[in-house]
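Biologist: Please take a close look at a single part of this structure, its nonpolar interior, and describe how that part is put together.

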Amino acid sequence: MRIDVVTIFPEYLDALRLSLIGRAREQELLDLQVHDLRDFTHDRHRTVDDTPYGGGPGMVMRPEPWGEALDHVQAAGRTALAGVSGEDATPHLLVPSPSGVPFTQQLARELAAEPWLAFACGRYEGIDERVLDDAAQRWRVTPVSLGDYVLNGGEVAVLAVVEAVARLLPGVIGNAQSLVEESHEDGLLEYPVYTKPASWRGLDVPAVLLSGHHGAIARWRRDERVRRTARRRPDLAAALDDAALDDADRRVLADQQADPGSARFLPEPPAVAD
Ligand code: 6GU
């Protein structure tokens, strides 16, 4: 996969040299190129912003450097992808913004199937809207949001989106099974996990996990996923597809919903040993 990122803070993206994503780049599973927006300015001060038409607070990113930067991304990516995706390849442009569409595991899966993504990192009050309108005449353009809160710019969101997408690429994560049994893959949150020692600070690992009884362990984990989802994410629990639940799931769900617990930040109720 090819990914281009345009930003005024290229150093923010240095974190994508670390760990699994860094190794994926070394192995050329991922070709990630970061471009400095200021390289596409022509004035002495390398100005990327100006005051908003219509007044109001803050500054808006000027369209001209963005237009040139995205033209450069188009040309550089086409050269890099030559032969892979054809002469008319275009990136899917993602624009991080608190007013974007929610970034979800489902969207991450869809993006992981694409050959070429580009990210336009806005700062200040945002990018002149014509930059997106112009790009949309040639490319697919999707504003994306991490959630209902405000960051200072798109860079941190790009770190999150690139990590969520790149880990789904074939070969990036050694154990493919660990991608299947995860929060948000089937609408349920993940079950709690434990390692040695079996007793720590007076807290015992749930006995069922030491029982060697694989059926009972699978049932306990499933119950914990349902209970945790109902407790922490009533929105997800309400959206569960009833057809995907068995009788035990429905019982656990009903019990948890009848006794939801008093505070969002309480730890889980003690696990019941089997
Ligand atoms: Cl994607 N960008 C910015 N600037 N703020 C956000 C966001 C994105 N998602 C949530 N808040």
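**The nonpolar interior**

Modeller: In this predicted model, the protein exposes about 15,900 Å², of which carbon and sulfur atoms supply 53%. Of its 274 residues, 41% count as buried. The chain forms nine helices and nine strands. Its radius of gyration is 23 Å, well over the 19 Å that the globule rule gives for 274 residues, so the protein is more spread out than a compact globule. The C-alpha trace spans about 70 × 45 × 40 Å along its principal axes.

Turning to the interior, the largest nonpolar core has 31 residues, and those with the most contacts inside it are Ile3, Leu30, Phe103, Leu111, Leu117, Phe119 and Val165. Two or more residues each come from strand S1 (2-7), helix H1 (19-26), helix H3 (105-112), strand S6 (116-120) and helix H5 (155-166). H5 gives the most to this core, with seven residues. Beyond its neighbours within four places in sequence, Val165 is in contact with Met1, Phe103, Ala108, Leu111, Ala112 and Leu117. Apart from this core lies another, of 22 residues, among them Val48, Leu81, Trp116 and Ala118.

Helix H3 merits separate attention. Its buried residues are Gln105, Leu107, Ala108, Leu111 and Ala112. They lie on the same side of H3, because they cover an arc of only 155° around the axis. An α-helix has 3.6 residues a turn, so residues three or four places apart point the same way. The buried residues of H3 pack against strand S5 (92-102), S6, strand S7 (140-145) and H5.

Methods: Residues numbered from 1 in each chain as written. Predicted model: local features only at pLDDT ≥ 70, side-chain atom pairs only at ≥ 80, totals over all residues. Heavy atoms only, no water. Core = buried A, V, L, I, M, F, W, Y, C linked by side-chain atoms within 4.5 Å. Buried < 20%, exposed > 50% of the residue type's maximum accessible area, 1.4 Å probe, protein only. Helix = DSSP H or I, 4+ residues; strand = E, 2+ residues; numbered from the N terminus. Contact = heavy atoms within 4.5 Å. Arc of directions from axis to C-beta. Rg over C-alpha atoms; globule rule 2.2 N^0.38 Å. Areas by Shrake-Rupley, 256 points an atom, 1.4 Å probe, with all protein chains shown as cover.
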